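Work through the exercises below with the sequence and the model side by side, and try each task before reading its solution.

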Amino acid sequence: MTKFFPCLLVAITFVACNPPQSSSLPPLPEDMNHPAAQIELPETERPKNIILMVGDGMGLTQITAGLYSNDNQLNLERFPAIGLHKSYSSDNLVTDSAAGATAFSAGRKTYNGAIGVDPDGKSLYTILEEAEDQGLATGLVSTSTIVHATPASFIAHEKQRSFYEAIAADFLDTEIDLFIGGGKKYFDRREDDRNLLKELRQKGYHVSSYFEEKLEAVTVDYSKNLAYLTADSDPLTYNQGRKYLQFASELACDFLDKRGANDGFFLMIEGAQIDWGGHANNTDYIITEMLDFDRSIGAVMDFAEADGNTLVIVTADHETGGFAINPGSTHDTIVGAFTSDYHTAALIPVFAYGPGAELFNGIYENTAIYHKMRQTYGFGELATGK
Ligand code: MG
Ligand code: ZN
């Protein structure tokens, strides 16, 4: 009780308990020490595989607009466990995608722009790296460039999200089994003249791209890691003809299931452009990207239901646009309105299915998603120095 008393006093003086924007935020409750995080799940209740799906900028209104535009239904309705996370970063109540994804990947609140590093710029050990070290197969799929903030925060360690070439080089420091996304130019036309696609081939990867063949045409060699670049820079919008997310999600599930046949896998799939529709204050852009992401969720759920040993988590890093569905809207025509062309600080929904899903009920920090994933995998104490 005494713990909350100072906050109450502050409230009486009409000053918000929540820290103001852009100020340094108070120390966090350590999610790792949260009672729920101490429960060790019995082995029978642990998933072999975890698939984390991030709809960038996907707040509740984006989901709602997609649902009403799609005969009043979404694959998200197949999820039995639903929670909310607090999305703020270490230096701003309104997070960006770098800090938001680093919270998921490494369990630390950090500053906006940080890719897999803490507020002091020190590299964090990500769940993807830990999964790799534990012998699991790993993958990243995105509809942005693969070096963009969300996928980058799972595999790279850079002080600024704009260091795209450095982020691409960080991929070479890992043994990631599969990655699919745009940004080919950051791999093969670099200022340092390295050709990272050549280096990936030398490391034993099967490397291909939109330039050589469609993703659907790739002959998959399950004995090799797979890298496929979907665009030279940013992939197109769904409306412009980018249709690969659902197929890439199915391919990734099948590929990693075989690669991780013994120990399981970790896969992050991002629907990146829901956010870009929000930045553009474009309702149709939001809805088409939302529905593309939802179809991919459906494909992943089909895999998880058949597999029976896969935990699927769907969430967003933040909401984008302060999107609202205004009066005059119908199921067929959403009248969208926006308060911003940037992100907002609203609580963000989390959907979970599979072994351990019930841990995702409730309200918690965005960083708790990392701790809950480690908990369900049954990863123990973090090794020191990591
Ligand atoms: Mg993103
Ligand atoms: Zn954004």
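A residue is called buried if 20 or more other C-beta atoms lie within 10 Å of its own, exposed if 12 or fewer do, and partly exposed in between, with C-beta atoms placed from the backbone. The model is predicted, and local features need pLDDT of at least 70, side-chain atom pairs count only at pLDDT 80 or more, and totals for chains, interfaces and linings use all residues. Residues are numbered from 1 along each chain as its sequence is written, while chains are lettered from A and ligands numbered from 1 in the order in which they are written.

**Exercise 1. Classify Phe-247 by its burial and find its contacts.**

Begin with the location: Phe-247 is found in helix 10 (residues 244-259), where helices (H or I, at least four residues) and strands (E, at least two) are DSSP runs, numbered from the N terminus. Next, count the neighbours: because Phe-247 has 15 C-beta neighbours inside 10 Å, this residue is classed as partly exposed. Then look for contacts, which require C-beta atoms, placed from the backbone, within 7 Å; leaving aside neighbours within four places in sequence, Phe-247 touches Leu-215 and Glu-216. Finally, compare sequence with space: Ser-296 is 49 residues from Phe-247 in sequence, yet their C-alpha atoms are 7.8 Å apart.

**Exercise 2. Describe how helix 3 and helix 12 meet.**

First take the axes, which are lines fitted to C-alpha atoms, for helices over the stretch in contact, with angles running from 0 to 180 degrees between N-to-C directions. Those of helix 3 (residues 60-68) and helix 12 (residues 283-307) come within 9 Å and cross at roughly 80 degrees. The two helices are therefore roughly perpendicular to each other, a class that spans 65 to 115 degrees, whereas angles under 35 count as roughly parallel, over 145 as roughly antiparallel and the rest as oblique. As a last step, list the residues involved: helix 3 contributes Gln-62, Ile-63, Ala-65 and Gly-66, and helix 12 contributes Thr-283, Ile-286, Ile-287, Met-290, Leu-291 and Asp-294.

**Exercise 3. Which residues of helix 3 are buried, and what covers them?**

The buried residues are Thr-61, Gln-62, Ile-63, Ala-65 and Gly-66. Their cover includes helix 11 (273-279), helix 12, strand 10 (324-325) and strand 11 (336-337).

**Exercise 4. Place strand 8 in its sheet and account for its surroundings.**

Start from the open sheet of 10 strands, whose order is 5-6-4-3-7-1-8-13-2-14, with mixed pairing; two strands pair if DSSP finds at least two bridges between them. At its edges stand strand 5 (206-209) and strand 14 (362-365), each of which pairs on one side only.

Turn next to the partners of strand 8: strand 1 pairs with strand 8 in the parallel sense over six bridges, with Val-312 as the bridge partner of Ile-51. Strand 13, in contrast, runs antiparallel to strand 8 and is joined to strand 8 by four bridges, one residue pair being Val-314 and Phe-351.

Now consider the two faces. In a regular strand the side chains alternate between the two faces of the sheet. In strand 8, Thr-310, Val-312 and Val-314 lie on one side and Leu-311, Ile-313 and Thr-315 on the other, and all are buried. Helix 12 lies across strand 1 (49-55), strand 7 (265-271), strand 8 (310-315) and strand 13 (348-353), running at about 165 degrees to strand 8.

How values were computed
Two residues are in contact if their C-beta atoms, placed from the backbone, lie within 7 Å.
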